[in-house]
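Colleague: Could you take me on a close look at a single part of this model and then work outward from there? I would enjoy one connected account rather than a list.

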Amino acid sequence: MSVVIVNWNTNGKLEKLLSQVSPSSQLDIVVVDNASKDSIASFEKNHPNISFILNTHNRGYAAACNQGAARAKGEWLMFLNTDVDITNVILEDCIKEAEE
């Protein structure tokens with residue numbers, strides 16, 4: 001499963017979400033940053049297994065989702081907002097449900 005996360009000035013929430021989803025080896029995670037004022041450069045260093053797209057201007061939510069989807073490699077695609085609280089158990093259940 002690929003998870004696309006669009007970020008715009010929500011770095012604290014993004015870090016929390018990445019700490020919840022990045023331990024899962026089943027996930028292809030793509031983060032699209034819409035030119036946040038607070039840089040996410042450190043995120044790339046701390047999460048080398050995540051694909052980052054850094055836009056130079058805010059392209060809007062839908063365009064950023066499309067960018068992430070184009071980079072995604074998984075069989076399934078999920079879009080998450082940075083304010084979501086999620087566990088790997090929930091994600092595994094989503095994958096299982098989709099496959100059934």
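Modeller: Happy to. Two strands count as paired here if DSSP finds at least two bridges between them. Please keep in mind that this is a predicted model. The part I would pick is strand 1, and its pairing is a good place to begin.

Strand 1 is joined to strand 2 (residues 28-34) by six bridges, and the two run parallel. Within that pairing, V4 has V30 of strand 2 as its bridge partner. Strand 1 is also joined to strand 4, by five bridges, and this pair runs parallel as well. Here I5 has L80 of strand 4 as its bridge partner, and V3 stands opposite M78 of strand 4.

How enclosed is strand 1 by the rest of the structure? Six of the six residues of strand 1 (residues 2-7) are buried, so the strand is largely enclosed. Looking at the side chains, S2, V4 and V6 point one way, while V3, I5 and N7 point the other way, and all of them are buried. Buried stands for under 20% relative accessible area.

Now to the two ends of the strand. M1 sits in the segment before strand 1, and M1 is buried too, with a relative accessible area of 12%. Its C-alpha atom is separated by 9.4 Å from that of E92, although M1 and E92 are 91 residues apart along the chain. E92 in turn belongs to a negative surface patch, which is formed by E75, E92, D93, E97, E99 and E100. One member of that patch, E75, lies in the loop between helix 3 (61-71) and strand 4 (77-81). E75 is exposed, at 67% relative accessible area.

Past the other end of strand 1, the loop that leads to helix 1 holds N9. N9 has a positive phi of about 60°, although it is not a glycine. Most residues other than glycine have a negative phi, so that is a spot worth a look on your screen. N9 counts as partly exposed, at 27% relative accessibility. A35 is another residue other than glycine with a positive phi, near 60°. The place of A35 is the loop between strand 2 and helix 2 (41-46), and A35 counts as partly exposed at 26% relative accessibility.

Let us return to strand 4, one of the strands that strand 1 pairs with. Which residues make up its covered face, and which its uncovered one? M78 and L80 form the covered face, whereas L77, F79 and N81 form the uncovered one. M78 is the residue that V3 stands opposite, and L80 is the bridge partner of I5, so to speak the contacts we met at the start. On the uncovered face, L77 and F79 join Y61 in a nonpolar surface patch of about 280 Å². L77 itself counts as partly exposed, with 41% relative accessibility.After strand 4 comes a loop that leads to helix 4 (88-99), and D85 lies in it. The side chains of D85 and K16 meet in a salt bridge, with 3.2 Å from N to O. K16 belongs to helix 1 (residues 11-21), so this pair ties together parts that are 69 residues apart in sequence. D85 is exposed, with a relative accessible area of 53%, while K16 counts as partly exposed at 47% relative accessibility. A search of the whole structure finds one salt bridge.

One last stop is on the side of strand 2. G68 lies in helix 3 and counts as buried, at 0% relative accessibility. The C-alpha atoms of G68 and I29 are separated by 9.0 Å, and the two residues are 39 residues apart along the chain.

Definitions and conventions. Residues are numbered from 1 along each chain as its sequence is written. This is a predicted model: local features need pLDDT of at least 70, side-chain atom pairs count only at pLDDT 80 or more; totals for chains, interfaces and linings use all residues. Side-chain values use heavy atoms; hydrogens and water are left out. Patches are made of residues with over 30% relative accessible area and no salt bridge: like charges are joined within 9 Å, nonpolar side chains (Val, Leu, Ile, Met, Phe, Trp, Tyr) within 5 Å. Accessible areas come from the Shrake-Rupley method with a 1.4 Å probe; for residues, only the protein chains shown count as cover. A salt bridge is a side-chain nitrogen of Lys or Arg within 4 Å of a carboxyl oxygen of Asp or Glu. Lys and Arg count as positive and Asp and Glu as negative; His and the chain ends are not counted. The place of a charge is taken as NZ of Lys, CZ of Arg, CG of Asp or CD of Glu. Helices (H or I, at least four residues) and strands (E, at least two) are DSSP runs, numbered from the N terminus. Buried means under 20% relative accessible area, exposed over 50%, partly exposed in between (1.4 Å probe, protein chains only).
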